[in-house]
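Visitor: Good morning. I am new to this structure and would like to go through it with you.
Guide: Certainly; please put your questions in whatever order you like.

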Amino acid sequence: IASCLVGSEMCIRDSPNVALLFYWDCCERQIRLEGQVKKIDPLISDDYFAARPRISQIGAWASEQSKSMNKREEFLKKIEDFKKKYPDKKILPRPKHWSGWCLNPLTIEFWLGDKYRIHERLKYTKDSNNLKKEILYP
């Protein structure tokens, strides 16, 4: 889980239980993960940020992620301003608000769509160091 959770950091720190859902309509497949997240080590975030393309780094500085903006031109101007602020292409620090999260999944469910809603569902649950496998009704 990357910077997409930045705006929710306080809430996640207070209650780190999360669910993620990945759905592929084209092939009627879905994966759902539930578990707890924790913020990753800042050095790992630094390394990942440094490996991103420069324009993505600039975009991270310029974006007030998920906040409303009046015009896209505001964002584009901020991008240009940060390009001027950091003209050295090799030195661009990671913004303090930009970080990553690591999910420790406790359950993983696979869903396969089928005709007439006769779907297949397979769920794995982590219990201590073991995985419990269940076949679920649709």
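Visitor: Is Lys78 buried, partly exposed or exposed?
Guide: Lys78 counts as partly exposed, because its relative accessibility is 26%. Please bear in mind that this is a predicted model.

Visitor: Which residue forms a salt bridge with Lys78?
Guide: That residue is Glu64, and the closest N and O atoms of the pair are 2.7 Å apart. Glu64 lies in the loop between helix H3 (54–62) and helix H4 (72–85), while Lys78 is in helix H4, so the pair ties together parts that are 14 residues apart in sequence.

Visitor: Why would two such side chains pair at all?
Guide: Side chains of opposite charge can pair when their charged atoms come close.

Visitor: What other salt bridge does Glu64 form?
Guide: Glu64 also forms one with Lys67, where the closest N and O atoms are 4.0 Å apart. Glu64, Lys67 and Lys78 are thus linked in a network of salt bridges.

Visitor: How accessible are Glu64 and Lys67?
Guide: Glu64 has 46% relative accessibility and counts as partly exposed. Lys67, at 58%, counts as exposed.

Visitor: How many salt bridges are there in the whole structure?
Guide: A search of the whole structure finds seven. One of them joins Arg121 and Glu109, with the closest N and O atoms 2.6 Å apart.

Visitor: Which strands hold Arg121 and Glu109?
Guide: Arg121 is in strand E4 (residues 120–127) and Glu109 is in strand E3 (residues 101–112), so this salt bridge ties together parts that are twelve residues apart in sequence.

Visitor: And are those two, Arg121 and Glu109, buried or exposed?
Guide: Arg121 counts as partly exposed, at 24% relative accessibility. Glu109 has a relative accessible area of 13% and is buried, because the cut-off for buried is under 20%.

Visitor: Let us turn to the surface. Which residues gather in a patch of negative charge?
Guide: The patch on the surface is formed by Asp25, Glu28, Asp114 and Glu120. Of these, Glu120 lies in strand E4.

Visitor: Now the interior. Which residues make up the largest nonpolar core?
Guide: There are ten residues in all: Phe49, Ile58, Ala60, Trp61, Ala62, Ile79, Phe82, Tyr86, Leu92 and Trp98. The elements that give two or more residues to this core are H3 and H4.

Visitor: Which element gives the most to this core?
Guide: H3 does, with four residues.

Visitor: A change of topic: which residues have a positive phi without being glycine?
Guide: Arg117 is one of them, with a phi of about 60°. Ser128 is another residue other than glycine with a positive value, its phi being near 55°.

Visitor: Where do Arg117 and Ser128 lie?
Guide: Arg117 lies in the loop between E3 and E4, and Ser128 is found in the loop between E4 and E5. Arg117 is exposed, with a relative accessible area of 65%. Ser128 is exposed as well, with a relative accessible area of 61%.

Visitor: One last item: where is Asn130 found?
Guide: Asn130 is in strand E5 (residues 130–136). At 54% relative accessibility, Asn130 counts as exposed.

Visitor: How far apart are Asn130 and Asn17?
Guide: They are 113 residues apart in sequence and 20 Å apart in space, taken from C-alpha to C-alpha.

Conventions. Residues numbered from 1 in each chain as written. Predicted model: local features only at pLDDT ≥ 70, side-chain atom pairs only at ≥ 80, totals over all residues. Heavy atoms only, no water. Salt bridge = Lys/Arg side-chain N within 4 Å of Asp/Glu carboxyl O. Buried < 20%, exposed > 50% of the residue type's maximum accessible area, 1.4 Å probe, protein only. Patch = residues over 30% accessible without salt bridge, like charges linked within 9 Å, V, L, I, M, F, W, Y side chains within 5 Å. Areas by Shrake-Rupley, 256 points an atom, 1.4 Å probe, with all protein chains shown as cover. Lys, Arg positive; Asp, Glu negative; His and termini not counted. Charge placed at Lys NZ, Arg CZ, Asp CG, Glu CD. Core = buried A, V, L, I, M, F, W, Y, C linked by side-chain atoms within 4.5 Å.
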